[in-house]
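Trainee: I would like to go through this model with you. Let us start with the ligand and then turn to the cysteines.

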Amino acid sequence: MPWNERQRAMLREMGLRVWTSAVAVPASAAPGARTSARAPEPARQPTRTEAREPSPESPRAASPEPGVPAPAAGHAAAPLDAGALEAVARLDWPGLRQTVADCQACRLCESRKQTVFGVGHPRAHWMIVGEAPGAQEDEQGEPFVGAAGQLLDAMLRALGLDRTDEGDPASRVFIANTLKCRPPGNRNPQPDEMQRCEPFLVRQIQLVQPRIILAMGRFAVQALLRTNEPIGRLRGRVHRYQDVPLVVTYHPAYLLRNLPDKARAWEDLCLAADLMDGEPR
Ligand code: URA
């Protein structure tokens with residue numbers, strides 16, 4: 001079956017070659033999809049977020065940037081007690097937003113410029129969960145505003161989705177991160193930070209009530225599916241977060257450096273879109 005215009009648009013937006021031949025080519029087998037998705041872009045200076053080589057597991061590198069302090073022991077985060085968890089679980093949207101803005105539950109409050117709550121329609125049918133704010137997100141208070149965010153927006157556009165906070169919730173996404181504060185130097189989130197921040201994400205999902213969740217990258221997957229399985233082994237099938245279908249895919253920052261995997265990410269988005277449409281494409 002030839003690709004339809006939406007599929008072509010998605011490929012274009014993701015920087016993959018758009019085949020004009022009437023011959024159907026599955027994305028995973030498409031010539032160029034794995035090796036030469038498009039002409040290489042002119043070299044540019046990596047942003048701080050991208051400064052280290054990302055892995056499929058995480059867009060961040062395994063070791064922190066030189067000069068980045070290890071997490072300070074002074075503000076180690078103890079697990080939230082049951083009362084605090086219950087309080088977060090009762091918050092409404094404005095209360096949750098304010099609680100996140102005021103949060104001092106872990107050491108990240110000391111280095112952040114601001115918290116990054118999330119962006120999008122508060123009842124969006126789609127929810128995207130990423131990792132943690134980077135430098136630009138910390139500056140602007142919005143998730144995915146850097147180069148990875150531009151790719152994410154392009155992918156969403158190809159599906160007819162966007163992050164605006166009004167209009168038809170069926171064509172809107174809410175974008176949140178596993179951590180609401182930037183880890184200094186873009187180091188990986190620490191387990192205690194993830195544990196402290198998790199109730200906020202849980203409550204966001206409860207309030208948004210998405211019909212589908214896209215978990216992007218290792219830390220989102222760890223938080224939502226409680227597994228250390230690699231992305232490559234989790235993608236391509238439908239998981240569940242509570243009752244919500246969840247699709248695992250690569251993090252956009254990883255895709256920026258690994259063009260061939262864009263084709264796989266495209267397949268993941270198609271899987272999610274199929275679920276939402278209830279029809280194969
Ligand atoms: N990477 C993420 O996971 N989230 C952001 O908000 C920005 C980059």
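**Ligand and cysteines**

Mentor: A backbone N or O atom of Glu131 lies 2.7 Å from an oxygen atom of the ligand. This is a predicted model, in which local features need pLDDT of at least 70, side-chain atom pairs count only at pLDDT 80 or more, and totals for chains, interfaces and linings use all residues. Residues are numbered from 1 along each chain as its sequence is written, and side-chain values use heavy atoms, with hydrogens and water left out.

Trainee: What makes the Asn177 approach to a nitrogen atom of the ligand a polar contact?

Mentor: A polar contact is a pair of N or O atoms within 3.5 Å. A polar side-chain atom of Asn177 is 2.8 Å from that ligand nitrogen, so the pair qualifies. A polar backbone atom of Ala132 is 3.1 Å from a ligand nitrogen.

Trainee: How much of the ligand does the protein cover?

Mentor: On its own, the ligand has 240 Å² of accessible area (Shrake-Rupley method, 1.4 Å probe). The protein covers 98% of that.

Trainee: Why is Cys106 not called a disulfide partner of Cys181?

Mentor: A disulfide is a pair of cysteine sulfur atoms within 2.5 Å. The closest cysteine sulfur to that of Cys106 is in Cys181, 6.2 Å away, so it is too far for a bond. The disulfide count is 0.

Trainee: Why is Cys197 called buried?

Mentor: Buried means under 20% relative accessible area (exposed is over 50%, partly exposed in between; 1.4 Å probe, protein chains only). Cys197 has 10%, so it counts as buried. Cys106, at 11%, is buried too.

Conventions. A polar contact is a pair of N or O atoms within 3.5 Å; within protein, one must be able to donate a hydrogen and the other to accept it, and residues adjacent in sequence count only if both atoms are side-chain atoms.
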